[in-house]
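Student: I'd like a close look at one part of this model, namely its salt bridges. Please put them in context as you go, and tell me what cut-offs sit behind the terms.

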Amino acid sequence: MEKQNILLVDDRPENLIALEAILEGPDRRLVSVNSGNEALHELLKDDFALVLLDVQMPDMDGFEVAELMRQSQSAKVVPIIFVTAINKEQQYVFRGYEKGAVDYLFKPLDPYIITAKVKFFLELDKKNKLLERRLEEVKKLKDDNELILKSVGEGVVGLDQQGIITFVNPAATRMLAQDSETLISSNISAWFCTDEAGQDSFEWLGSKAYRRCLEGDSCHKDDGVYARRDGACFPVEYIATPIIQKADQYCGAVLAFQDITSRKKAERQLIQSAQYDSLTGLVNRNLFEKMLKLAIARAKRAGHLVSLMFLDLDRFKQVNDSLGHSVGDQLLQEVAKRLQRCTREVDTVSRLGGDEFTIIIEGVSHPDSVAVVAKKVLNELSTKFLLKDGACEYEVVVGASIGIVNYPDSGQDVTSLLKCADIAMYHAKSEGRNNYQYFTADMQKRISRNIDMENKLRNALSNNEFTLVYQPQVDIGSGDIVGVEALLRWQLESGEFIPPDQFIPLTEETGLIIPIGEWITLEACRQICIWNKAGYSKSPLTISVNLSVRQLCDRKLLKMIRNILAETGIKPQWLVLEITESMVMDSPEEKIRILEELQSLGISIAIDDFGTGYSSLSYVKKLPIDILKVDREFIKDINQDRNGEAIIRAILALSKSLGLKVVAEGVEEVGQVEFLEQIGCDYVQGFFYSKPLSVIDLERRFKSGWGGCKASNEPEVAMPLCSVVP
C-alpha cells in the first residue's frame, strides 16, 4: 500500500510531537520540520498530499511559506491547513486564504476535528490521483486533431517527419512573435534552442522527442529547452505527441509548448530559500553540510587540510531582547557582511540558525594557520555596530566565541567535525568569551565525563545518593543561631563524593534541577520543622534554600512551594528562598510577579551573592526582597582594602533605608566579625562560626550548647565543601 505524505511544519518541537501522536497511521508518512526553509526543502524532495503549517515562526512565517509554495509547479496544488493560536478575526483568516490556505485549525487542537479534516483531504488526494491517471489514459487515446483543439491555450505547432512546421495556432504566433506565414514551412530548429543564449539549435531529428514519437510514444520535457522571441530566449515546457496514420505509420508530431519563465523564476526562488538563509543571504545548514562534505572529499584527494570555524555571538540575546528583533536581525545581517570581508571568495560562510555561523576554509597548509582568520574575525566583530530602528540609532558591541577543528585531525565526516567544533566553541565561552579555541582530545574527554556524570545524576535521586548539609546563620549581636542554609551533597553508591561545582551546573543544563530542587526544598522544610519542634533555639530557626534560574522560570514553582508548605506543615515565615541578582534580569516583570506571589505566602526572599552581579541599587529597590546576602568577595577585603569596606558600608546603608536584613557570607576571621558588628550588620555566616554540618553533627552542637562568637574547632565533617549550590 502506497503511503501518503503529510508535511508538519512548526518551530516548537512539542507541537510536532502532539500532531504526530494524533495523525500517525500505517497508510501515512509524517515528515516533521521546524522552519519554513526546511519545509521548502522537503517540498522540493517529495510529493505531499497535505501540509499542516504553523503561522507564527521565526525567519519565515507560514504566510511566506504558503506564498512560495503556490509559486512552485510541484507544490502549488498541495492543500495547506494553517495551524494557529493567535487570531480568529476575519481579516487575519482571509489573509491566510489569499496566500493559498484551504482551511484553518485553531489551537488548542481538537484531535477529533483534526483527524476528520486530515482524513477528508487524504481521500481527496487519492481521488485526484485516480482522476489524473484516468486523464493520462484518455490523453494517450486522442488523435492529433483532438490534441490541437485541447491545446488552444498553449502554443501548438504541427511538424512533419523532418521537423518542418506544417501548422501553428494563434498562441504559438503570439509566443514566438511571428505571423503564421513566417513560421509555416520553416524548421523548428529556427525557433527552438537548447541553451539560454540561443547558440545551440534544437535539432528535431537528433532529439529524444523525435525518437519517442518514432516509437509511437509521447515525450514531455520542461528543462533545457528554450524558444526564441525578438532576439531573446525564454524557457519552455513541451509535449511532443506522434501523429500516427493508418497502418500505424508515423508521419509527424504535434508539439504543444508554453512559456515557463515565471515558473522557473519561482523554482529558483524556492531553491534559493531551501539552500540560503533568507535573512543574511548566507549558505544555510542544508547547503553547508553538502559543501563541507565536498570540501572533505577534495581535501582527501589532494592531501590537504580543511578547517571549520564555529561561531556563536556573545551577548546577542541581550541585544535581541532589549532592542527588539528588528535590531537583532540588522545585527545578524551586519555580522554576515563582516564575516565575508574576513574570508576569501573560495571560503564558505554560512548561518546555521539563530546567532550561530560557520566558516569552511580549504587548502589549509598547517593546523594553526587558521588562527589568523579567527583573530581577524574577533577583531571585526568586536568593533561597534551602528544599528537603526526607525528614528532611533544604537551603538552595539558584541563579540564571538569561536571553536576551530581541522579535517582529518579532529574528525572524518561532517557530523563529527561539527560536533567537535561545537564543543570547542563552548569551551571558548567558558574561557571568558570573545576568544577562539582549537578542539582537543581533552575537551572530548570532559564531554564524555559529563555524559557519564549526567547518566549517574539521572539515577541519583531514586538511589537516595543526595544528602543535605546545613551551615548556621548567626545573630552577630547575641551570637545565637537564627537560621541555617541548606546545601546539597552527592555521594555515589561507590562512596565517592562529587564536588558541587562539578554536578550543580549539569543539573541546570539538563533540567534535573527541577526534581532535585523540589527534593531539596521538601527535605529542608521537613528538617527545620523537626528542629523547631525540638526547641533547639530561643526563637524558631529559618531555613534558606537556593533557587536556580531554571526553577524560577518553571511554571509549576508556585504550586510546588504551596504543596510543600501544606505537606510539611512548615510556617511560611520559616522559609527563605535565595536568588541571585542576574536571575531576575531576563523577563524581569514576570520574575518579579512570581517573587511577589511567593512573598505573599509569607516566605522571605533573599538576594544571594549581592555585589557580584548587576548590583544596580536603583533596581534592587524594585525587587520584592527581604534580605541581602553580601558576597564573600567583599568580606575578605575587610581590614585589607578600604574600597571594599566602603562598598560594604554602602550596602548596609542601602539595606537599612529599604528595611532589609543583611547577612554577610564567608566570614572567617575575628576582625571581620568586629568590623561587621561595628557597622550594624544583622547576621553572619561562615567558617568562623561553623562549616556546613550534617544533621547529626548540627544536633550535637545544639545539644552541647551553641558556641556563639567563637571560632569553630569541631572536627571537619567528612564531606567536600563548595560554595556552589543549586
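Tutor: Here is a walk through the salt bridges, with some of the surroundings before and after.

Some ground rules: this is a predicted model, where local features need pLDDT of at least 70 and side-chain atom pairs count only at pLDDT 80 or more, while totals for chains, interfaces and linings use all residues. Residues are numbered from 1 along each chain as its sequence is written, and side-chain values use heavy atoms, with hydrogens and water left out.

Confidence comes next. The protein chain has a mean pLDDT of 87, and 92% of its residues reach 70 or more; pLDDT is the predictor's own confidence in each residue, from 0 to 100. Among the elements, S23 has the highest mean, 97, and helix H6 (residues 144-150) the lowest, 53. Helices (H or I, at least four residues) and strands (E, at least two) are DSSP runs, numbered from the N terminus. Over residues 707-726 pLDDT stays under 50, and the model has 51 contacts beyond four places in sequence for that stretch, a contact being heavy atoms within 4.5 Å. Where pLDDT is low, the predicted coordinates should not be read in detail.

As for layout, the assignment splits the protein chain into domain 1 (4-131), domain 2 (152-265), domain 3 (281-439) and domain 4 (461-704), with bounds that come from an automatic or database domain assignment. The centres of domain 2 and domain 3, over C-alpha atoms, are 50 Å apart.

Now the part you asked for. A salt bridge here is a side-chain nitrogen of Lys or Arg within 4 Å of a carboxyl oxygen of Asp or Glu, and that rule gives 42 of them. One is Asp 480 with Lys 538, whose closest N and O atoms are 3.1 Å apart. Asp 480 sits in the loop between strand S20 (466-475) and strand S21 (481-491), and Lys 538 in the loop between helix H18 (513-534) and strand S23 (542-546), so this pair ties together parts 58 residues apart in sequence. Lys 538 is exposed at 77% relative accessibility, whereas Asp 480 is partly exposed at 25%. Those words have cut-offs too: buried means under 20% relative accessible area, exposed over 50%, and partly exposed in between (1.4 Å probe, protein chains only).

Glu 590 and Arg 593 make another bridge, with 2.6 Å between the closest N and O atoms. This one is within an element: the two are 3 residues apart in helix H21 (residues 588-600), so about one helical turn separates them. Glu 590 is partly exposed at 39%, and Arg 593 is partly exposed at 36%.

Then look at Glu 665 and Lys 629, where the closest N and O atoms are 3.4 Å apart. The pair links distant parts of the chain, with Glu 665 in strand S27 (residues 661-665) and Lys 629 in strand S26 (residues 627-630), 36 residues apart. Glu 665 is buried at 5% relative accessibility, and Lys 629 is buried at 1%.

There's also a network: salt bridges link Asp 312, Asp 314, Lys 429 and Arg 433. Arg 433 is worth a second click in your viewer. It lies in the loop between H15 and strand S19 (436-438), and its phi is near 70°, a positive value in a residue other than glycine. With a relative accessible area of 40%, Arg 433 is partly exposed. Another non-glycine residue with positive phi is Asn 464, at about 55°; Asn 464 lies in the loop between helix H16 (441-460) and S20 and is exposed, at 67%.

If you're checking backbone geometry anyway, look for the cis peptide bonds as well. One joins Lys 107 and Pro 108, with omega about -5°, and Pro 108 is in the loop between S5 and helix H5 (111-141). The bond from Tyr 407 to Pro 408 is also cis, with omega near 5°; Pro 408 is in the loop between strand S18 (399-407) and helix H15 (414-430).
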